[in-house]
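Please look through the sequence and the model below before reading on. The paragraphs that follow go from one residue to the whole chain.

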Amino acid sequence: MLSWPLFVLCLLFLETQGRSTENILEKTLEDVERLRALVLELKDIVSDQDQRISDLLLSQTIDRARIKTLEDGYKTLISEKSCNPRVPSDDGIRKNRTRDAPRKFPSTDDVIMYEVSATEKRETETVIAFYAYMSRDFIPGIKHTIPFDTAITNKGNGYHSSTGVFIAPEPGYYVFTWTVRMTHGSQHSFELVVNNVAKGASFMRTHDPEDQTITGTAVVFVNQNDDVYVRTHGSYAYNAGNIRSDTYSRTSFAGWRLSS
(Lines give C-alpha, C1' and ligand atoms only; values in the text may rest on other atoms or scores of the structure.)
Protein backbone atom coordinates (compact mmCIF):
# COMPACT_ATOMS: atom_id res chain seq x y z
CA MET A 1 0.00 0.00 0.00
CA LEU A 2 1.33 3.45 -0.96
CA SER A 3 2.31 5.85 1.75
CA TRP A 4 0.64 9.23 1.86
CA PRO A 5 3.63 11.30 0.54
CA LEU A 6 4.11 8.87 -2.36
CA PHE A 7 0.44 9.05 -3.21
CA VAL A 8 0.61 12.87 -3.31
CA LEU A 9 3.66 12.70 -5.58
CA CYS A 10 1.79 10.39 -7.96
CA LEU A 11 -1.16 12.80 -8.13
CA LEU A 12 1.17 15.74 -8.81
CA PHE A 13 2.89 13.76 -11.59
CA LEU A 14 -0.41 12.83 -13.23
CA GLU A 15 -1.64 16.43 -13.05
CA THR A 16 1.61 17.67 -14.61
CA GLN A 17 1.35 15.11 -17.40
CA GLY A 18 -2.27 16.09 -18.05
CA ARG A 19 -1.39 19.77 -18.36
CA SER A 20 1.49 18.90 -20.67
CA THR A 21 -0.86 16.88 -22.90
CA GLU A 22 -3.36 19.75 -23.02
CA ASN A 23 -0.59 22.16 -24.00
CA ILE A 24 0.53 19.82 -26.78
CA LEU A 25 -3.04 19.50 -28.07
CA GLU A 26 -3.57 23.26 -28.01
CA LYS A 27 -0.32 23.83 -29.90
CA THR A 28 -1.25 21.13 -32.41
CA LEU A 29 -4.66 22.72 -32.99
CA GLU A 30 -3.01 26.12 -33.50
CA ASP A 31 -0.64 24.58 -36.05
CA VAL A 32 -3.57 22.93 -37.84
CA GLU A 33 -5.45 26.25 -38.03
CA ARG A 34 -2.38 28.01 -39.43
CA LEU A 35 -1.96 25.28 -42.04
CA ARG A 36 -5.66 25.48 -42.91
CA ALA A 37 -5.42 29.25 -43.40
CA LEU A 38 -2.32 28.78 -45.55
CA VAL A 39 -4.08 26.17 -47.71
CA LEU A 40 -7.08 28.47 -48.23
CA GLU A 41 -4.75 31.34 -49.18
CA LEU A 42 -2.92 29.13 -51.67
CA LYS A 43 -6.25 27.94 -53.06
CA ASP A 44 -7.33 31.55 -53.69
CA ILE A 45 -4.00 32.28 -55.39
CA VAL A 46 -4.35 29.22 -57.65
CA SER A 47 -7.94 30.18 -58.51
CA ASP A 48 -6.85 33.71 -59.37
CA GLN A 49 -4.02 32.40 -61.55
CA ASP A 50 -6.41 30.01 -63.33
CA GLN A 51 -8.74 32.92 -64.08
CA ARG A 52 -5.84 35.01 -65.43
CA ILE A 53 -4.72 32.15 -67.65
CA SER A 54 -8.30 31.71 -68.91
CA ASP A 55 -8.55 35.43 -69.70
CA LEU A 56 -5.21 35.37 -71.53
CA LEU A 57 -6.25 32.35 -73.61
CA LEU A 58 -9.54 34.06 -74.51
CA SER A 59 -7.69 37.25 -75.44
CA GLN A 60 -5.26 35.27 -77.59
CA THR A 61 -8.11 33.50 -79.39
CA ILE A 62 -9.91 36.81 -80.00
CA ASP A 63 -6.73 38.38 -81.41
CA ARG A 64 -6.29 35.43 -83.78
CA ALA A 65 -9.90 35.79 -84.91
CA ARG A 66 -9.33 39.52 -85.54
CA ILE A 67 -6.25 38.77 -87.61
CA LYS A 68 -8.22 36.20 -89.62
CA THR A 69 -11.01 38.77 -90.21
CA LEU A 70 -8.50 41.38 -91.39
CA GLU A 71 -6.81 38.86 -93.69
CA ASP A 72 -10.16 37.85 -95.20
CA GLY A 73 -11.08 41.50 -95.71
CA TYR A 74 -7.74 42.20 -97.39
CA LYS A 75 -8.14 39.19 -99.71
CA THR A 76 -11.68 40.31 -100.60
CA LEU A 77 -10.45 43.83 -101.36
CA ILE A 78 -7.66 42.52 -103.61
CA SER A 79 -10.13 40.21 -105.38
CA GLU A 80 -12.59 43.06 -106.01
CA LYS A 81 -9.83 45.26 -107.42
CA SER A 82 -8.66 42.50 -109.76
CA CYS A 83 -12.24 41.93 -110.97
CA ASN A 84 -12.87 45.67 -111.54
CA PRO A 85 -9.98 47.15 -113.62
CA ARG A 86 -9.62 50.90 -113.78
CA VAL A 87 -11.91 52.56 -116.31
CA PRO A 88 -10.05 54.67 -118.90
CA SER A 89 -10.28 58.40 -118.39
CA ASP A 90 -12.63 60.49 -120.47
CA ASP A 91 -9.64 62.09 -122.22
CA GLY A 92 -8.46 58.69 -123.41
CA ILE A 93 -11.94 57.85 -124.69
CA ARG A 94 -12.13 61.11 -126.62
CA LYS A 95 -8.72 60.47 -128.21
CA ASN A 96 -9.75 56.99 -129.38
CA ARG A 97 -13.17 58.04 -130.66
CA THR A 98 -13.41 58.92 -134.37
CA ARG A 99 -14.81 62.27 -135.32
CA ASP A 100 -17.78 60.89 -137.20
CA ALA A 101 -18.72 58.09 -134.76
CA PRO A 102 -22.02 58.88 -133.02
CA ARG A 103 -21.96 58.97 -129.23
CA LYS A 104 -23.94 56.09 -127.69
CA PHE A 105 -25.95 56.91 -124.60
CA PRO A 106 -27.19 54.16 -122.23
CA SER A 107 -30.79 53.13 -122.66
CA THR A 108 -33.43 53.36 -119.95
CA ASP A 109 -33.27 49.57 -119.45
CA ASP A 110 -29.51 49.78 -118.96
CA VAL A 111 -29.90 52.47 -116.30
CA ILE A 112 -32.61 50.50 -114.47
CA MET A 113 -30.56 47.29 -114.52
CA TYR A 114 -27.51 49.18 -113.23
CA GLU A 115 -29.50 50.73 -110.36
CA VAL A 116 -31.01 47.35 -109.39
CA SER A 117 -27.59 45.70 -109.50
CA ALA A 118 -26.02 48.47 -107.40
CA THR A 119 -28.85 48.28 -104.84
CA GLU A 120 -28.55 44.50 -104.52
CA LYS A 121 -24.78 44.76 -104.10
CA ARG A 122 -25.14 47.48 -101.47
CA GLU A 123 -27.74 45.47 -99.50
CA THR A 124 -25.57 42.35 -99.68
CA GLU A 125 -22.53 44.20 -98.37
CA THR A 126 -24.33 45.90 -95.47
CA VAL A 127 -26.29 42.94 -94.02
CA ILE A 128 -24.65 41.76 -90.78
CA ALA A 129 -26.46 39.09 -88.77
CA PHE A 130 -25.64 35.92 -86.85
CA TYR A 131 -27.39 33.14 -84.93
CA ALA A 132 -25.65 30.36 -82.98
CA TYR A 133 -26.54 27.85 -80.27
CA MET A 134 -24.91 25.43 -77.85
CA SER A 135 -24.70 21.87 -79.15
CA ARG A 136 -24.64 20.22 -75.70
CA ASP A 137 -25.21 20.83 -71.99
CA PHE A 138 -22.71 22.93 -70.06
CA ILE A 139 -21.93 23.72 -66.40
CA PRO A 140 -20.16 27.11 -66.24
CA GLY A 141 -18.24 28.80 -63.45
CA ILE A 142 -18.08 32.49 -62.57
CA LYS A 143 -17.21 34.94 -65.38
CA HIS A 144 -17.26 32.16 -67.99
CA THR A 145 -17.98 32.85 -71.67
CA ILE A 146 -20.93 30.75 -72.89
CA PRO A 147 -19.78 28.51 -75.79
CA PHE A 148 -22.40 28.91 -78.53
CA ASP A 149 -20.43 26.54 -80.76
CA THR A 150 -22.87 25.91 -83.62
CA ALA A 151 -23.38 28.84 -86.01
CA ILE A 152 -26.49 28.65 -88.21
CA THR A 153 -26.37 32.17 -89.65
CA ASN A 154 -23.21 34.27 -89.95
CA LYS A 155 -23.77 37.03 -92.51
CA GLY A 156 -20.68 39.22 -92.52
CA ASN A 157 -18.51 36.53 -90.88
CA GLY A 158 -18.38 38.41 -87.58
CA TYR A 159 -19.29 35.50 -85.30
CA HIS A 160 -16.62 33.00 -84.20
CA SER A 161 -18.08 29.72 -82.95
CA SER A 162 -14.74 28.53 -81.55
CA THR A 163 -14.79 31.27 -78.91
CA GLY A 164 -18.45 32.33 -78.72
CA VAL A 165 -17.38 35.92 -79.54
CA PHE A 166 -18.87 38.25 -82.18
CA ILE A 167 -16.35 40.74 -83.63
CA ALA A 168 -18.21 43.58 -85.34
CA PRO A 169 -17.20 43.87 -89.03
CA GLU A 170 -18.65 47.40 -89.20
CA PRO A 171 -19.78 50.02 -86.66
CA GLY A 172 -23.42 50.75 -85.93
CA TYR A 173 -26.36 50.05 -83.65
CA TYR A 174 -26.86 46.32 -83.07
CA VAL A 175 -29.58 44.21 -81.49
CA PHE A 176 -28.33 41.27 -79.41
CA THR A 177 -30.49 38.61 -77.81
CA TRP A 178 -29.58 35.54 -75.76
CA THR A 179 -31.79 32.67 -74.58
CA VAL A 180 -30.70 30.23 -71.86
CA ARG A 181 -32.44 27.08 -70.66
CA MET A 182 -31.50 25.90 -67.16
CA THR A 183 -32.25 22.63 -65.41
CA HIS A 184 -34.24 22.56 -62.18
CA GLY A 185 -32.39 23.64 -59.05
CA SER A 186 -30.06 26.00 -60.95
CA GLN A 187 -29.37 29.72 -60.68
CA HIS A 188 -27.29 31.90 -62.97
CA SER A 189 -26.80 35.56 -63.82
CA PHE A 190 -25.69 36.35 -67.39
CA GLU A 191 -24.09 39.45 -68.89
CA LEU A 192 -23.91 40.79 -72.44
CA VAL A 193 -20.34 42.10 -72.65
CA VAL A 194 -18.84 44.57 -75.15
CA ASN A 195 -15.05 44.87 -74.82
CA ASN A 196 -15.16 43.53 -71.24
CA VAL A 197 -17.88 46.06 -70.25
CA ALA A 198 -21.31 44.68 -69.31
CA LYS A 199 -24.10 46.24 -71.42
CA GLY A 200 -26.98 43.98 -70.39
CA ALA A 201 -27.86 41.28 -67.85
CA SER A 202 -30.44 38.63 -67.02
CA PHE A 203 -31.05 36.35 -64.02
CA MET A 204 -32.93 33.12 -63.38
CA ARG A 205 -33.36 30.80 -60.39
CA THR A 206 -35.17 27.57 -61.29
CA HIS A 207 -37.15 25.37 -58.92
CA ASP A 208 -37.76 21.63 -58.80
CA PRO A 209 -38.94 19.78 -60.77
CA GLU A 210 -39.15 21.99 -63.89
CA ASP A 211 -36.55 23.38 -66.30
CA GLN A 212 -36.97 27.07 -67.17
CA THR A 213 -35.84 29.43 -69.95
CA ILE A 214 -34.80 33.08 -69.78
CA THR A 215 -34.20 35.57 -72.62
CA GLY A 216 -32.34 38.88 -72.55
CA THR A 217 -32.18 41.59 -75.24
CA ALA A 218 -30.04 44.71 -75.63
CA VAL A 219 -29.62 47.42 -78.28
CA VAL A 220 -26.13 48.95 -78.18
CA PHE A 221 -23.74 50.89 -80.38
CA VAL A 222 -20.73 48.83 -81.40
CA ASN A 223 -17.53 50.06 -83.06
CA GLN A 224 -15.73 48.09 -85.73
CA ASN A 225 -13.71 45.18 -84.26
CA ASP A 226 -15.44 45.42 -80.87
CA ASP A 227 -15.87 42.06 -79.07
CA VAL A 228 -19.40 41.04 -78.03
CA TYR A 229 -20.20 37.90 -76.05
CA VAL A 230 -22.37 36.42 -73.27
CA ARG A 231 -20.84 35.22 -70.00
CA THR A 232 -21.84 34.31 -66.47
CA HIS A 233 -21.78 37.31 -64.15
CA GLY A 234 -18.33 38.27 -62.93
CA SER A 235 -19.35 39.22 -59.37
CA TYR A 236 -22.31 36.90 -58.69
CA ALA A 237 -20.79 34.16 -56.53
CA TYR A 238 -23.82 31.85 -56.56
CA ASN A 239 -23.74 30.76 -60.22
CA ALA A 240 -24.54 27.06 -60.05
CA GLY A 241 -26.24 24.34 -62.06
CA ASN A 242 -26.53 23.00 -65.57
CA ILE A 243 -27.30 24.96 -68.76
CA ARG A 244 -29.24 22.73 -71.13
CA SER A 245 -29.39 22.76 -74.92
CA ASP A 246 -30.97 20.04 -77.02
CA THR A 247 -33.33 19.54 -79.96
CA TYR A 248 -36.32 20.51 -77.81
CA SER A 249 -34.95 23.84 -76.59
CA ARG A 250 -31.77 25.61 -77.72
CA THR A 251 -29.59 27.85 -75.59
CA SER A 252 -28.72 30.45 -78.22
CA PHE A 253 -27.13 33.83 -79.04
CA ALA A 254 -28.10 36.09 -81.96
CA GLY A 255 -27.45 39.60 -83.19
CA TRP A 256 -27.92 41.88 -86.19
CA ARG A 257 -27.08 45.42 -87.19
CA LEU A 258 -29.94 47.86 -87.62
CA SER A 259 -30.20 49.49 -91.06
CA SER A 260 -28.56 52.91 -91.25
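In which loop is Ser-245 found? Ser-245 sits in the loop between β10 (243–244) and β11 (252–257). The model shown here is predicted, and the values below are computed from it.

Is Ser-245 buried or exposed? Its relative accessibility is 4%, and buried means under 20%, so Ser-245 counts as buried. Beyond its neighbours within four places in sequence, Ser-245 is in contact with Met-134, Ser-135, Arg-136, Asp-137, Arg-250 and Thr-251. One of these residues, Arg-136, is 109 residues away in sequence, yet the two C-alpha atoms are 5.4 Å apart. With Met-134 there is a polar link: the side chain of Ser-245 reaches the backbone oxygen of Met-134 at 2.6 Å.

Arg-136 also takes part in a salt bridge, with the side chain of Asp-149, at 3.3 Å from N to O. Both residues lie in the loop between β1 (129–133) and β2 (150–155), so this pair ties together parts that are 13 residues apart in sequence. Arg-136 is exposed, with a relative accessible area of 55%, whereas Asp-149 is partly exposed at 28%.

The whole structure holds 10 salt bridges. Among them is the pair of Glu-170 and Arg-257, whose closest N and O atoms are 2.9 Å apart. This pair links distant parts of the chain, since Glu-170 is in the loop between β4 (165–167) and β5 (172–182) and Arg-257 is in strand β11, 87 residues apart. Glu-170 counts as partly exposed at 29% relative accessibility, while Arg-257 is buried, with a relative accessible area of 17%.

Next to Ser-245 in the numbering comes Asp-246, which forms a salt bridge with Arg-181; the closest N and O atoms are 3.0 Å apart. Here too distant parts of the chain are linked: Arg-181 is in strand β5 and Asp-246 in the loop between β10 and β11, 65 residues apart. Arg-181 is buried, with a relative accessible area of 15%, and Asp-246 is partly exposed at 23%. Through shared partners, salt bridges join Asp-137, Arg-181, Asp-211, Arg-244 and Asp-246 into one network.

The chain as a whole comes last. The protein has 3 helices and 11 strands, and from the N terminus on the helices precede the strands. Of its 260 residues, 27% count as buried. Among contacts with a separation of 6 or more, 73% are between residues 24 or more positions apart. The protein exposes about 18200 Å², of which carbon and sulfur atoms supply 57%.

Technical notes:
Residues numbered from 1 in each chain as written. Predicted model: local features only at pLDDT ≥ 70, side-chain atom pairs only at ≥ 80, totals over all residues. Heavy atoms only, no water. Helix = DSSP H or I, 4+ residues; strand = E, 2+ residues; numbered from the N terminus. Buried < 20%, exposed > 50% of the residue type's maximum accessible area, 1.4 Å probe, protein only. Contact = heavy atoms within 4.5 Å. Areas by Shrake-Rupley, 256 points an atom, 1.4 Å probe, with all protein chains shown as cover. Polar contact = N/O pair within 3.5 Å; in protein donor to acceptor, adjacent residues only side chain to side chain. Salt bridge = Lys/Arg side-chain N within 4 Å of Asp/Glu carboxyl O.
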